[in-house]
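Visitor: Hello! I am new to reading protein structures, and I would like a close look at one single part. Could you take me through it slowly?

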Amino acid sequence: MTDIPPKNNVDLAPVINYAKKILSKDLTGHGFDHAKRVAALSQAIVDEDHLIVDDFVVQAAAYLHDTVDDKVVSDLEQAQIEVTNCLQTAGASQSQITSIFMIIHHLSFSKELLQGAKMTSLEGIVVRDADRLDALGAIGIMRTSYFGGSHQHPLHLPDLPPKNFTDHADYRKGTTVINHFYEKLFLLPEKMQTTYGKREALRRKTFMEEFLKEFYAEWDC
């Protein structure tokens, strides 16, 4: 269990400021706007499901989860040092810092898919569901297109089917923007673990399916 100190012992402001500094220039769909939505969705999950969690761990992990990710930063070791310093400045306990890094290091879809990474804390489950919700719906469509464009992925190749990835490097290369819907995004709803996450993921997936119907109709003229 994460130790939960009195709320006045921790300050989220340094965490938010650090996340904004690191993520504000991101051009892959993992910017500070994404972090803010994950934090808000995490709070929605906690509130809607009436969960008892360490609020600081949830919010800090939500804001910081992409600041120690090779999609965003080049030096992961230095990034971890900086995040640790940030959390210490915020007044986090060592137990909280450990919990936050556990969440960060086990959050990604690729680590679960290819390495069998398991999320063991309720705080981590909340943040992971929130992060995955932001990959779905209208925002998910835009982020997928944005990420694909930044990595020069083709928009759509009708003769190239979606892949089942077994290698992390291959997964990062991707195939096409549209294939990403099937290779990752449509797999997310069944992986949600919170009640709110499951319900909202299915709603967003339905929207995306309707979008694809229109996309294919327009693509084929």
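Visitor: How many of the residues of H3 are buried?

Guide: Happy to help! Please keep in mind that this is a predicted model. In H3, nine of the ten residues are buried, so the helix is mostly covered, given that buried means under 20% relative accessible area. The buried ones are Phe 56, Val 57, Val 58, Gln 59, Ala 60, Ala 61, Ala 62, Tyr 63 and Leu 64.

What covers them? The buried residues of H3 pack against five helices: H1 (13–23), H2, H4, H5 (94–105) and H7 (122–133).

Now look at the two ends of this helix. At the N-terminal end, Asp 54 acts as a cap, with a side-chain oxygen 3.0 Å from the backbone nitrogen of Phe 56. Phe 56 is itself one of the buried residues of H3.

Past the other end, find Thr 67, which sits in the loop between H3 (55–64) and H4 (76–89). A polar atom of the Thr 67 side chain lies 2.7 Å from the backbone oxygen of Leu 64, and Leu 64 is among the buried residues of H3. Thr 67 counts as buried because its relative accessibility is 0%, which is under the 20% limit. Leaving out residues up to four places away in sequence, Thr 67 touches Tyr 18, Ala 19, Ile 22, Leu 23, Val 73, Ala 79 and Val 83. For a sense of distance across the model, try Pro 158: its C-alpha is 35 Å from that of Thr 67, and the two residues are 91 apart in sequence.

On the other side of H3 in the sequence, the loop between H2 (32–48) and H3 holds His 50. This residue makes a nice contrast with Thr 67: His 50 counts as exposed because its relative accessibility is 69%, over the 50% limit. Its backbone is worth a glance too. Most residues other than glycine have a negative phi. The phi of His 50, however, is positive, near 55°. You can find another example in Gln 152, which has a positive phi of about 60° and is not a glycine either. Gln 152 lies in the loop between H8 (137–150) and H9 (168–173), and it counts as exposed at 73% relative accessibility.

H2 and H7, two of the helices that H3 packs against, bring us to one more loop residue. Thr 194 is found between H10 (177–183) and H11 (195–219), and it is buried, with a relative accessible area of 4%. Its side chain is joined to that of Asp 129 by a polar contact of 2.7 Å. A polar atom of the Thr 194 side chain also lies 3.0 Å from the backbone nitrogen of Gly 197. Beyond its neighbours within four places in sequence, Thr 194 is in contact with Ile 45, Asp 49, Ile 125 and Asp 129.

Finally, step back to see where H3 belongs. The chain has eleven helices and zero strands. Buried residues make up 48% of its 221 residues. Among contacts with a separation of 6 or more, 69% come from residues 24 or more positions apart. The radius of gyration is 18 Å, which agrees with the value near 17 Å for a compact globule with 221 residues.

How values were computed
Residues numbered from 1 in each chain as written. Predicted model: local features only at pLDDT ≥ 70, side-chain atom pairs only at ≥ 80, totals over all residues. Heavy atoms only, no water. Helix = DSSP H or I, 4+ residues; strand = E, 2+ residues; numbered from the N terminus. Rg over C-alpha atoms; globule rule 2.2 N^0.38 Å. Buried < 20%, exposed > 50% of the residue type's maximum accessible area, 1.4 Å probe, protein only. Contact = heavy atoms within 4.5 Å. Polar contact = N/O pair within 3.5 Å; in protein donor to acceptor, adjacent residues only side chain to side chain.
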